[in-house]
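Let's take a walk through this protein together, going from its interior out to its charged pairs. Have the structure open and turn it as you read.

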Amino acid sequence: MFVAKPLPSAGIRLLAGFVVVCAFAGCKKNDADTATPAAATTAAGQAAAPPATAVSAQVAGMSADALRAAASSAQREQRLYAPAGNNAMEYYLALRDKAPSDTAVTSALTDLMPYALIATEQSITRDDFVEAQRLYALMDKADPQAPALPRLKQAIADGQASLAQRTAAAETKSVDDAKRQADLEKQRLEDQKKTQQAAAQQLATQQAAAQAAAQQAAAQKAADDKAAAARAAAAASKPQPSAPTATASATPSAPAAANTLRAISTPSPAYPPEAFRSATAGEVEVELTVGSDGSVSAARVVHSTPPRVFDRAALAAVKRWRFQPVNAPITTRRTIAFNPGG
């Protein structure tokens, strides 16, 4: 029969110490097991938070005219993509839903996309995933096929996972953490303001350049229209039949032949646009041969002042002239004057 013997006092003390150590170790392990999942749960909750909608309900409920005015005002005041619910990109997205065929709205969103992309990347860098998801939602609604969206989506997911791990590793949140968060928020607002100011200045420069180009094109068109109108007025004011200009004169090679020519149609020459814009005047002496049917069968420039400026226009006009039929071909000369003042 087994009989338990009492332990020596030293053994009792050793055993008691061993039990205390084991109990303490078990308690520490349980505390660690409890704290780590709690921290991980907090980070996971932040990572799993649904992203903000691209357009707030308040903005979506505005009328098209109100959205257009609000978008223009936000762009002038450099609120390109922030703050949420009061920025140009959000207003344009809501306006596009109401006016999908408005090309100006589509163009404005295209111009704003690069700045939203930069802001999203900056938000990811500073672990501001709420802002990053909001900006991503704006870009995704503006252009779901944008090449940068898959990369941004992965970067947000990776950043959230990294933040969750770092949050799970932290045991407590201290006053210093709160201060750091406040400093980050302040820095974010400052960075966002500077970025929007720079983006707005760049956008204004691009729009000014486009406006200047449009004005230049309009001015060129107006000058061309004015020149065409002046040519038409000059042609209409000259009597028919006559030489193309008021100073046109005939220099027949033989008096008897010139007396037999009777003009039926002598359309005026077109004034060369470059010469008209530079107010260049001149004259061209042309020798022409009139066939028996009254048409001009040949023509050449005898002399022109200034040289070669009006030659082509004078020859083109003379070849369209028509005279009454004659018994035999007749060669004669005409001097055609060009005067931009009419």
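**Starting from the inside**

In this predicted model, the largest nonpolar core has 41 residues, and the members that touch the most others are Tyr81, Met89, Tyr91, Tyr92 and Leu112. Six helices each supply at least two residues of this core: H3 (64–76), H4 (88–98), H5 (103–125), H6 (129–142), H7 (149–169) and H8 (175–237). Of these, H5 gives the largest share, with 9 residues. As background, nonpolar side chains in soluble globular proteins tend to be buried together.

Tyr91 is a good place to pause. Setting aside neighbours within four places in sequence, Tyr91 is in contact with Val59, Met62, Leu67, Ala70, Ala71, Ala74, Gly85 and Asn86. Elsewhere there is a second, separate core of 22 residues, including Tyr271, Ala275, Leu315 and Phe338.

It helps to set these cores against the whole. The protein has 342 residues, of which 32% count as buried, and its secondary structure consists of 11 helices and 6 strands. Among contacts with a separation of 6 or more, 73% are between residues 24 or more positions apart. The accessible surface comes to about 20500 Å², and carbon and sulfur atoms account for 59% of that area.

Now find Arg79, in the loop between H3 and H4. Is this arginine buried or exposed? With a relative accessible area of 15%, Arg79 is buried, since the cut-off for that class is under 20%. What does its side chain meet there in a polar contact? The partner is the side chain of Asn86, at 2.7 Å. Not counting residues up to four places away in sequence, Arg79 touches Ser73, Ala74, Asn86, Asn87, Ala88 and Gln196. Asn86 is thus a familiar name, being on the contact list of Tyr91 as well as on that of Arg79.

For a contrast, move to Val130 in helix H6. This valine is nonpolar, yet Val130 counts as exposed, at 66% relative accessibility. From its C-alpha atom to that of Ile156, 26 residues apart along the chain, the separation is 9.8 Å.

**Charged pairs among the helices**

Side chains of opposite charge can pair when their charged atoms come close. In this model the count comes to 14 salt bridges. One of them joins Lys141 and Asp97, with 3.2 Å between the closest N and O atoms. Lys141 belongs to helix H6 and Asp97 to helix H4, so this salt bridge ties together parts that are 44 residues apart in sequence. Both ends are partly exposed: the relative accessible area is 29% for Lys141 and 48% for Asp97.

A second pair shows another arrangement. The side chains of Glu185 and Arg188 meet in a salt bridge, 2.7 Å from N to O. How far apart are these two residues in helix H8? They are 3 residues apart, which means a separation of about one helical turn. Glu185 counts as partly exposed at 33% relative accessibility, whereas Arg188, at 11%, counts as buried.

**Over to the strands**

The last stop is a pair of strands. Strand E3 (residues 282–290) and strand E6 run antiparallel and are joined by 9 bridges. E6 itself spans residues 330–338 and is mostly covered, with 7 of its 9 residues buried. To see the pairing residue by residue, look for Glu285, which stands opposite Thr335 in E6.

A salt bridge also spans these two strands. Arg333 pairs with Glu287, and their closest N and O atoms are 3.3 Å apart. Because Arg333 lies in strand E6 and Glu287 in strand E3, the pair ties together parts that are 46 residues apart in sequence. Arg333 counts as partly exposed, at 26% relative accessibility. This salt bridge does not stand alone: through shared partners, Glu285, Glu287, Arg300 and Arg333 are joined into one network. Glu285 therefore has two entries in this tour, as the residue opposite Thr335 and as a member of the salt-bridge network.

Methods: Residues are numbered from 1 along each chain as its sequence is written. This is a predicted model: local features need pLDDT of at least 70, side-chain atom pairs count only at pLDDT 80 or more; totals for chains, interfaces and linings use all residues. Side-chain values use heavy atoms; hydrogens and water are left out. A nonpolar core is a set of buried Ala, Val, Leu, Ile, Met, Phe, Trp, Tyr and Cys residues joined through side-chain atoms within 4.5 Å. Buried means under 20% relative accessible area, exposed over 50%, partly exposed in between (1.4 Å probe, protein chains only). Helices (H or I, at least four residues) and strands (E, at least two) are DSSP runs, numbered from the N terminus. Contact means heavy atoms within 4.5 Å. Two strands pair if DSSP finds at least two bridges between them. Accessible areas come from the Shrake-Rupley method with a 1.4 Å probe; for residues, only the protein chains shown count as cover. A polar contact is a pair of N or O atoms within 3.5 Å; within protein, one must be able to donate a hydrogen and the other to accept it, and residues adjacent in sequence count only if both atoms are side-chain atoms. A salt bridge is a side-chain nitrogen of Lys or Arg within 4 Å of a carboxyl oxygen of Asp or Glu.
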